[in-house]
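Here's a quick walk through one protein model, for anyone who'd rather think at the bench than stare at coordinates. Have a look at the picture first, and then we'll go through it piece by piece.

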Amino acid sequence: MRFYGAVYLVLLEGERVLLLRRANTGFEDGNYSLIAGHVEVGESAMAAMVREAREEAGITLAVDDLQYAHTQHRRSAAGRIYFDIYFTARRWDGEPTNVEPAKCDDMRWFARTGLPDNLTPFVRLVLAEHLPRGSAYSEWGWTQPG
């Protein structure tokens, strides 16, 4: 069995979070999500997060700007098993910009208490329930024991 690693950035400005609406990717298109991506072979989770922030939003993060926030053990609809690591950041260099318009058709700040209806469900769970409670771990897509 193969496991996948992905990283998610909860970029915070006051009480607002930056969300991107996915487009033309074949996964969750039309739904908002966070700056995110797969961890590449030989890459640490923090290095992947710094890279994804630059590639997707054109911002520069230092590893010291990242705070670990949550891990989600997720089973995708296709059956892939993910370990998703969520980081928060309140400091960065540059103005967040949609650097990948072919994969993202909107990028904007939302109040943490006013998240859009079309938010990727497993991301919503983390943003709306787990982070506010300080929960470090969750699961998504698994059949729960009866």
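Is Asp84 buried or exposed? Asp84 is buried, with a relative accessible area of 0%; buried means under 20% relative accessible area, exposed over 50%, and partly exposed in between (1.4 Å probe, protein chains only).

A word on ground rules: this is a predicted model, where local features need pLDDT of at least 70, side-chain atom pairs count only at pLDDT 80 or more, and totals for chains, interfaces and linings use all residues. Residues are numbered from 1 along each chain as its sequence is written, and side-chain values use heavy atoms, with hydrogens and water left out.

**A charged pair**

Asp84 sits in strand S6, and Arg74 is in strand S5. Helices (H or I, at least four residues) and strands (E, at least two) are DSSP runs, numbered from the N terminus. The side chains of Asp84 and Arg74 make a polar contact of 2.5 Å. That term stands for a pair of N or O atoms within 3.5 Å; within protein, one must be able to donate a hydrogen and the other to accept it, and residues adjacent in sequence count only if both atoms are side-chain atoms. Arg74 is buried as well, at 3% relative accessibility. Leaving out residues up to four places away in sequence, Asp84 touches Ala6, Tyr8, His70, Thr71, Gln72, Arg74 and Phe122, where contact means heavy atoms within 4.5 Å. On the same footing, the contacts of Arg74 include Tyr8, Phe27, Trp140 and Trp142.

**The cores**

Nonpolar side chains tend to be buried together in soluble globular proteins. Here the largest nonpolar core has 21 residues, and Tyr8, Val10, Leu19, Leu34, Tyr86, Val123 and Leu127 touch the most other members. S1, S2, S6 (81–89) and H2 each supply at least two residues of this core. A core is a set of buried Ala, Val, Leu, Ile, Met, Phe, Trp, Tyr and Cys residues joined through side-chain atoms within 4.5 Å. There's also a second, separate core of 20 residues, with Val7, Leu20, Leu61 and Trp109 among them.

**The pocket**

The largest pocket has a volume of about 740 Å³. On a 1 Å grid over the protein atoms alone, a pocket is an open set of points where a 1.4 Å probe fits, with protein on both sides within 12 Å along at least five of seven lines; lining residues have an atom within 4 Å of a point. Points are joined across faces, edges and corners, and the volume is the space filled by probe spheres set on them. Of its 33 lining residues, Arg22, Phe27, Ala36, Gly37 and His38 lie nearest the centre. The lining divides into 15 nonpolar, seven polar and eleven charged residues (Ala, Val, Leu, Ile, Met, Phe, Trp, Tyr, Cys and Pro count as nonpolar, Asp, Glu, Lys and Arg as charged, and the others, Gly among them, as polar).

**Loop residues**

Most residues other than glycine have a negative phi. Asn24 has a positive one, near 60°, and so does Glu28, also near 60°.

| Residue | Loop | Relative accessible area |
|---|---|---|
| Asn24 | between S2 and S3 | 65%, exposed |
| Glu28 | between S2 and S3 | 24%, partly exposed |
| Ser135 | between H2 and S8 | 18%, buried |

Ser135 touches Ala69, His70 and His130, not counting residues up to four places away in sequence.
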